[in-house]
Protein chains: 2
Amino acid sequence: MKALMLGYGNVGKALNSLIRERSPKLGLDIKVEGVVTRRGIMLNQREDFHPDKEGTVLEALDLINPDLVIDVSSANYEDGEPSLSLYLESLSRGINVVTANKAPLALNFSRIMAVAEKNGAKVGFQATVMSGTPSINLLRAMRAAEVRKIRGILNGTTNYILTRMNEGLDYLSALKEAQRRGYAETDPEHDVNGFDAAAKLTILANFALKKPVTLKDVEFSGIKDVTQDKVKEAARKGKKIKLIANAGEGSLRVMTSEISPEDPLYHVDGVTNALDVHTDVQEVVIIGPGAGPLNAAFGVFSDIVLMYKGTF
Amino acid sequence: MKALMLGYGNVGKALNSLIRERSPKLGLDIKVEGVVTRRGIMLNQREDFHPDKEGTVLEALDLINPDLVIDVSSANYEDGEPSLSLYLESLSRGINVVTANKAPLALNFSRIMAVAEKNGAKVGFQATVMSGTPSINLLRAMRAAEVRKIRGILNGTTNYILTRMNEGLDYLSALKEAQRRGYAETDPEHDVNGFDAAAKLTILANFALKKPVTLKDVEFSGIKDVTQDKVKEAARKGKKIKLIANAGEGSLRVMTSEISPEDPLYHVDGVTNALDVHTDVQEVVIIGPGAGPLNAAFGVFSDIVLMYKGTF
């Protein structure tokens, strides 16, 4: 099986290693025959990206003619490009897509899935929500139930900052510590304003609740107005302030909330993420890391394994 | 697709309803054409079991000639019969098996799976561990990772009793309350002595760690020697006593342990179950109900959906 990879950062490199090392023992015959980035197309695998020729993503698609397109490029929330065009063209040719890139799905979930369905192609996107911790793929395993509501701690950066604030730090010190430890980017805006969690919630709402929403439909606010006073006030009541993403029962939003120890999300601290799924049968909570290159690569690779080798 | 069902208690009835109500919208064409119990074979579905003719499980297999065998009968830990014979014969004919019955797998996992593999048949057993909460099926979704260690709270009865003891009740009062609320059986021996959790751990160790162990290999002890004094002593150290099933890194046992608030299992109280999976990529914890007829039926039905409709 031939794969074309879009993007070649840390996730792409980790994924390349996973594919090389683990495919044989999983009975998976897969080879990344091309990598395309803004800088061009690489045809022979090397540790670092070196373009062998110029070309756009669609030219790379024609050149490689892959069975599978893998997107590990970074999110472009303006219009989802060039990923969006690559997905639509690939899917319309019946080529499967597996992605770790939230933007195209958060902006155009319904459209992408409609093209996939019409052409009998599949889209894997476990890595877009909670990285390698099964969220989408947990929901796949539970799809015989009807999901009523989902709640989650979907952003590790903000959960880390709130955890440290609960331990006494003020917002700026906690943010700086997160940056120093690599948990927050130099420009942390998309994390701390709730945007990143909103993108993930959009994908979950589409998949689990079958709501054809886009990122624009999500009401979101972040943690920037959380002060030590508010954290202490919550603590006096035995509660913690958490940034909770919530979808279902008419709600679609990301906002801070005071939650109590009976709530399974109360105990989820640090960079850890969690998803609390309420179905017509039962409530299930999954907790795990929500970021990291190896985790994201594992999320992508899990999709590939499930797509080509099935569950059973 | 024709199914033969072994057993027709509360789980079987709930499963029958799920199959009837949910199969059409999942694109699943399945019909339970026969039910076999110790009392004989029922060919026409009725709310309560009435045998239409006499016959053993193997006679029922010949009579129905199903595509799928579903086992929702109760566990026989003497020899796993009549389930074991039914599985081996069905699988040798290439007929898939989905089961909620722990005993045959806890006693003969390797043998059953070898016959399945040889004949290209599949075995679904999500419902044997944590009922409808994805445990086996979570591991299926994560099988691109290598599991190093699994820890779990796999028995709701004992976890309920320990939770109530932590709230001040003595062992006997907590047990009686569990019985009154339907969380413990009249004869609670298999729960309170750790046997039930050991059976589940055997299945997990085989599946997740590829260890060809049987129930006899599990070292287990229960909660009968947990006293109020011990619970209070743990609480003084900020800890809780929990019955933890543990496999991996040379260990295979079920025993009580004092665990601290940093442990994700510390916060799992009442009848709720949890599984803590350590892989070479990441640690993931899943929490949910571990018993109940609808939950078990949902676990079985989830296997059927994944087996015949795939993950993607």
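Modeller: In sorting the residues of a lining, Ala, Val, Leu, Ile, Met, Phe, Trp, Tyr, Cys and Pro count as nonpolar, Asp, Glu, Lys and Arg as charged, and the others, Gly among them, as polar. The model we shall apply this to is a predicted one.

Colleague: How do the residues of the lining of the largest cavity divide by that rule?

Modeller: The residues that line the largest cavity are G152(A), I153(A), L154(A), N155(A), T158(A), N159(A), A197(A), L243(A), I244(A) and A245(A). Set against the classes, 6 of these residues are nonpolar and 4 are polar, while none is charged. Gly counts as polar, so G152(A) belongs with the polar residues of this lining.

Colleague: What makes this space a cavity, when other spaces are called pockets?

Modeller: A cavity is a set of points where a 1.4 Å probe fits but cannot get out, whereas a pocket is an open set, so the name depends on whether the probe can leave. In the whole structure, the search finds 1 cavity of 30 Å³ or more, and the space in the largest cavity comes to about 40 Å³.

Colleague: Which elements give two or more residues to the lining of the largest cavity?

Modeller: In chain A they are β7 (147-153), α6 and β9 (240-248), and β9(A) gives the most, with 3 residues.

Colleague: What is the volume of the largest pocket, and which residues are closest to its centre?

Modeller: The volume of the largest pocket is about 1,400 Å³. It is lined by 50 residues, and those closest to the centre are V11(A), S74(A), A75(A), K102(A) and E185(A). Two or more residues come from each of α1 (10-22), α6 (156-166), α8 (189-192), α9 (195-209) and α11 (293-309) of chain A. By class, the lining has 22 nonpolar, 18 polar and 10 charged residues, and at least three residues are drawn from each of domain 1 (2-132 + 293-308) and domain 2 (144-289) of chain A.

Colleague: Where does the second largest pocket lie with respect to the domains of chain B, and how do you know that?

Modeller: Domain 1 (2-132 + 293-308) and domain 2 (144-289) of chain B both contribute residues to the lining, and therefore the second largest pocket lies between them. This pocket holds about 1,200 Å³ of space, and of its 38 lining residues the closest to the centre are K102(B), E185(B), D196(B), A291(B) and G292(B). With 3 residues, α9(B) gives the most to this lining, which divides into 17 nonpolar, 15 polar and 6 charged residues.

Colleague: How many residues does each domain of chain A bring to the contact between the two domains?

Modeller: Chain A is divided into domain 1 (2-132 + 293-308) and domain 2 (144-289), whose C-alpha centres lie 28 Å apart. Contact means heavy atoms within 4.5 Å, and by that cut-off 13 residues of domain 1 and 20 residues of domain 2 take part. The two domains of chain A bury about 1,300 Å² between them, with 76% of it on carbon and sulfur atoms.

Colleague: Why are the two copies, chain A and chain B, said to be related as by a rotation axis, and of which kind?

Modeller: A turn of 180° and a shift of 0.0 Å along the axis lay chain B on chain A with an RMSD of 0.0 Å, and the two copies are thus related as by a two-fold rotation axis. The C-alpha of I286(B) is the nearest to the axis in chain B, at 2.2 Å. Both copies use the same surface, since 100% of the contact residues of chain B recur in chain A.

Colleague: How much area do chain B and chain A bury between them?

Modeller: They bury about 3,600 Å², 63% of it on carbon and sulfur atoms, and the contact takes 41 residues from chain B and 42 residues from chain A. On the side of chain B, the residues that lose the most area to chain A are R143(B), T311(B) and F312(B), together 22% of what that side buries.

Colleague: What is omega of the peptide bond that joins E81(A) and P82(A), and what is the bond called?

Modeller: Omega is about 0°, and the bond is a cis peptide bond; P82(A) is in the loop between β4 (68-71) and α3 (83-92) of chain A. In chain B, the peptide bond from E81(B) to P82(B) is also cis, with omega near 0°.

Terms used: Residues numbered from 1 in each chain as written. Chains lettered and ligands numbered in written order. Predicted model: local features only at pLDDT ≥ 70, side-chain atom pairs only at ≥ 80, totals over all residues. Heavy atoms only, no water. Least-squares fit on C-alpha atoms with pLDDT ≥ 70 in both. 1 Å grid on protein atoms, 1.4 Å probe; cavity = no way out; pocket = protein on both sides within 12 Å on 5 of 7 lines; lining within 4 Å. Points joined across faces, edges and corners; volume = space filled by probe spheres on them. Helix = DSSP H or I, 4+ residues; strand = E, 2+ residues; numbered from the N terminus. Domains from an automatic or database assignment. Buried area = accessible area lost by both parts, 1.4 Å probe.
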